[in-house]
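Here is a colleague's note on the model shown below. Please read the points alongside the coordinates.

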Amino acid sequence: MRYIITFFVIVFFLSLEASCRVVEGTVTSISTNKKGHNIEVPMGNVLISDGYTVCKTDQNGRYSISLNPEATFITLTQPDGYKATPFFQKIINGLDRYDFPLVRNSESVKKRFSFGIVNYADSLVLSNTLKHVGDALTSRNADFLITAGAFYYGADSLLFPSFWSVVGPKEKELRPAFYSFNWGGVHFVVLSNSSRKAAQAIEWLKSDIEASGIRIPTVIVNNSVLVNSNPILSAGGLSFNMSNYNIKAVVEAGWNANIYDYRGKLATSTIATAPAERGGGDYSPAGVKLVSVNAKTEIATETVLTNVPSKVSLVYPTDTAEVENEKIRIYANAYSSESKIEKVKAGFSTDGVAFRWSELNQLSGWTWSGFLLTANDSTQKCFIRVVATTSRGEVLTDEVTAYIKPFVPDSTRIEAQWYALAGNVEHHKPIAASFRGTLSHKRTVSGLGSTLYSSPLIADSIAITASNYDAEGRSRLAAFNLKTGKSFWFYFTKEAIKNSLAFDRGVVLAADVLGNVYALNVMTGKPVWTIAINGVPKLNVTGGGIAKNGLYYVAIGQSIYAFDIDKGVVAWKTERKNSEGNITTLTWGNGVLLATSNIEGITGYDALSGRRLWGYNDSGIKVYEGNSSFSNDLFHLTAGSYYYRFAPQTGEVKYRAKLPFEVSASSVPLVLGDTIMVGTSNSGVVAYNVREERLLWKSEVLPSIINTLPNSSAKMKTVTASPILVGKYVVFGALDGRVYILNRDNGLAQKESSLGAPILTTAAVAKDFLILSDFSGNLSVFKLNL
């Protein structure tokens with residue numbers, strides 16, 4: 001019995017010793033004098049942490065800290081103007097002293113600086129994108145890099161000279177999960193994914209920020225249990241209210257979507273980025289985020305797209321140059337991943353030799369615009385050239401031959417409506433027209449941001465588009481006069497609108513990525529009503545909406561909402577507890593609403609009451625993401641490599657076919673009898689007879705300028721747009737930046753026009769006009785030659 005007691009006493013004291021283990025060390029600044037000798041200067045007031053508690057060095061640079069038994073690293077918070085080599089050390093049994101030398105670093109003391117955020121950096125190590133990312137950020141003068149998601153340890157020197165990483169589960173034994181550093185007067189706090197409980201994470205976060213100083217501008221880089229940038233975090237009896245601190249932004253490292261939720265100068269903004277090599281979970285394009293901080297610690301962001309070749313394209317004019325007040329308006333798109341476009345100029349010539357030049361102004365991340373002076377000579381042939389210069393001195397050019405034509409105002413009202421994706425709530429609106437298969441480019445206007453899947457709406461002579469993240473980080477809905485190209489109105493939204501707009505009863509309807517819903521008067525742009533859906537997670541995917549019979553339907557997060565357009569209230573909502581939002585657009589047919597979900601599959605709802613009529617998520621019918629149209633009293637859905645026909649009221653599967661290609665998630669099928677025409681992930685647009693299981697034709701496009709596919713890093717031949725039928729021609733835009741016009745019978749190209757930027761949206765038709773939005777935020781109007 002005595003031996004047993006002695007054993008437990010020994011174990012107790014050993015445990016007590018382990019739990020009370022104290023380590024110490026010094027922090028010194030090392031410099032070299034004129035004689036070449038190293039001089040060590042003690043550094044006081046420097047933060048030291050074991051990832052659980054935080055202490056400071058005294059005036060002699062000394063510290064001591066009681067280790068948490070679970071601690072694996074000692075970290076130093078790198079001060080402004082210094083570089084720690086290294087900033088962390090692995091805790092070793094039996095070693096109780098950990099010293100940290102610092103060297104001067106003039107870069108980290110700058111009051112104006114920028115840094116890059118790379119998501120899922122592990123996928124870059126074995127690809128050419130790794131070098132492209134480094135080149136892109138270097139050319140844009142980034143000072144350091146934050147790698148988010150899993151990161152292949154040891155590839156840091158290949159990527160960027162100065163980097164900080166948010167570690168994944170595989171790296172937590174190699175690098176610290178919780179640490180902080182200072183740069184340019186801003187305190188950065190990194191919270192990585194770990195097994196640590198929420199209460200422990202909150203306790204360390206508070207300790208670190210309070211030790212640094214609660215009024216010091218702070219950026220939290222979060223990939224831990226503290227999710228969704230909630231303003232008040234609480235767990236285990238502890239709470240953390242962001243409004244009590246000077247937190248400028250939260251970088252959500254675990255989100256793979258492009259988001260910049262700017263809340264104003266006095267509030268915390270949210271920043272996230274898609275992976276650098278593949279599309280985001282919301283099908284946003286692959287890229288890295290460049291974050292700029294000015295002397296007032298105000299933050300701005302820019303998405304730097306990856307693997308985009310250096311190119312400039314003259315967007316307008318291309319065939320006919322309209323002259324108004326002896327000026328021609330010029331629009332050019334220019335972009336390069338590896339180097340920033342510094343300037344673009346345009347030249348006018350009557351002989352192709354001597355040019356009169358004019359500098360263009362940058363309107364968006366891609367678009368530059370300005371004026372060229374000329375005369376009102378309707379017979380004059382002219383040459384227009386654009387020249388772009390990159391930050392590395394590379395010179396890019398493009399040139400067209402055009403004919404000058406005086407601008408003639410046209411006050412004729414276009415009595416036409418295109419009020420949903422592909423024209424109507426059924427997403428099936430073939431246009432009967434004597435179209436000859438050629439276009440004349442009438443005009444281009446800029447929305448000043450970028451446009452993803454928000455296809456343009458047409459209400460009489462007004463075209464409405466969504467444009468996101470302009471030079472000041474703002475997003476907007478914008479309306480233009482189709483005949484003149486003049487701005488009709490614009491309305492700033494709280495966040496980006498990435499998917500389909502809707503129109504009904506004189507009201508433009510849209511929902512942003514944060515779940516804010518907007519109803520705007522189509523003539524004035526003034527809000528009829530707005531609603532903020534509470535409880536929507538910050539990482540939310542808002543689908544495309546439609547409007548019918550006074551109700552606006554849209555999928556936000558896990559629920560589908562129906563809003564009464566006249567009253568501005570929620571008429572009904574569904575509760576899809578096991579679903580995930582996606583980018584597809586709802587479809588209406590015979591009073592039934594068809595919705596798809598990443599988990600719940602396919603569901604039919606009564607459009608008036610929201611009652612669930614039927615659904616499939618098993619029995620071999622399981623949809624990850626699919627889009628549908630409605631014609632001949634049936635729903636037609638393409639998803640993955642399958643085609644389905646459903647009866648609207650019962651959900652009975654009338655027909656099912658395996659397709660020899662993968663369809664694009666955002667493209668709705670154009671159905672003509674037993675033939676479907678649809679955009680694909682890697683085969684352009686195809687026409688396929690589902691009864692005969694026969695490929696009629698395939699129109700391959702060029703490789704995509706940007707990559708939006710979440711599960712692929714390859715440059716594929718993707719069409720996200722829905723093909724529309726105009727007369728006997730199929731019309732669509734592609735991610736290669738081109739507008740295609742194909743003969744519907746054989747798929748042969750009748751006409752191709754380049755807009756110089758990826759086209760993700762579906763075209764709209766109003767009388768004899770074709771309207772397209774592209775990724776640069778431009779809205780281009782073409783005349784259908786009838």
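**Notes on the predicted model**

1. Start with a proline. Pro 317 sits in the loop that links strand 23 (311-316) to strand 24 (320-323). The bond leading into it, from Tyr 316 to Pro 317, is cis, and its omega lies near 0 degrees. Keep in mind that this is a predicted model.

2. A second cis bond deserves the same check. It runs from Thr 85 to Pro 86, again with omega near 0 degrees. Pro 86 belongs to the loop between strand 7 (82-84) and strand 8 (88-90). For background, most peptide bonds are trans.

3. Next, backbone angles. Most residues other than glycine have a negative phi. Glu 326 is not a glycine, yet its phi is positive, about 60 degrees. Glu 326 lies in the loop between strand 24 and strand 25. Is Glu 326 buried, partly exposed or exposed? Its relative accessible area is 46%, so Glu 326 counts as partly exposed, a class that runs from 20% to 50%.

4. Asn 632 also has a positive phi, about 55 degrees, without being a glycine. The loop between strand 50 (626-631) and strand 51 (634-639) holds Asn 632. With a relative accessible area of 62%, Asn 632 is over the 50% cut-off and therefore exposed.

5. On to the overall make-up. The chain has 4 helices and 64 strands. It is 786 residues long, and 60% of them count as buried. Among contacts with a separation of 6 or more, 57% join residues 24 or more positions apart. The accessible surface comes to about 31,000 Å², with 50% of it belonging to carbon and sulfur atoms.

6. Helix 4 can be checked for length. Helix 4 covers residues 198-212, which is 15 residues. At 1.5 Å a residue, the expected span is 21 Å, and the end C-alpha atoms are 21 Å apart, so the two agree. After helix 4 comes Gly 213, with a positive phi near 130 degrees.

7. Which residues of helix 4 are buried? They are Ala 201, Ile 202, Trp 204, Leu 205, Asp 208, Ile 209, Ala 211 and Ser 212. The spacing is worth a look on the model. An α-helix has 3.6 residues a turn, so residues three or four places apart point the same way.

8. Now the largest pocket. It holds about 930 Å³ of space. Its lining has 39 residues, and the closest to the centre are Thr 301, Glu 302, Thr 303, Gly 365 and Tyr 469. Strand 21 (287-293), strand 22 (299-305) and strand 25 (327-335) each give two or more residues to this lining. Strand 22 provides the largest share, 5 residues. By class, the lining of the largest pocket has 16 nonpolar, 17 polar and 6 charged residues.

9. Last, the enclosed spaces. There are 10 cavities of 30 Å³ or more. The largest cavity has a volume of about 90 Å³. Of its 14 lining residues, Leu 421, Tyr 453, Ser 500, Thr 585 and Ser 666 are the closest to its centre. How does the lining of the largest cavity divide by class, and how many residues are charged? The lining has 4 nonpolar and 10 polar residues, and no charged ones.

Conventions: Residues are numbered from 1 along each chain as its sequence is written. This is a predicted model: local features need pLDDT of at least 70, side-chain atom pairs count only at pLDDT 80 or more; totals for chains, interfaces and linings use all residues. Side-chain values use heavy atoms; hydrogens and water are left out. The expected span of a helix is 1.5 Å times one less than its number of residues. Buried means under 20% relative accessible area, exposed over 50%, partly exposed in between (1.4 Å probe, protein chains only). On a 1 Å grid over the protein atoms alone, a cavity is a set of points where a 1.4 Å probe fits but cannot get out, and a pocket is an open set with protein on both sides within 12 Å along at least five of seven lines; lining residues have an atom within 4 Å of a point. Grid points are joined across faces, edges and corners, and a volume is the space filled by probe spheres set on the points. Ala, Val, Leu, Ile, Met, Phe, Trp, Tyr, Cys and Pro count as nonpolar, Asp, Glu, Lys and Arg as charged, and the others, Gly among them, as polar. Contact means heavy atoms within 4.5 Å. Accessible areas come from the Shrake-Rupley method with a 1.4 Å probe; for residues, only the protein chains shown count as cover.
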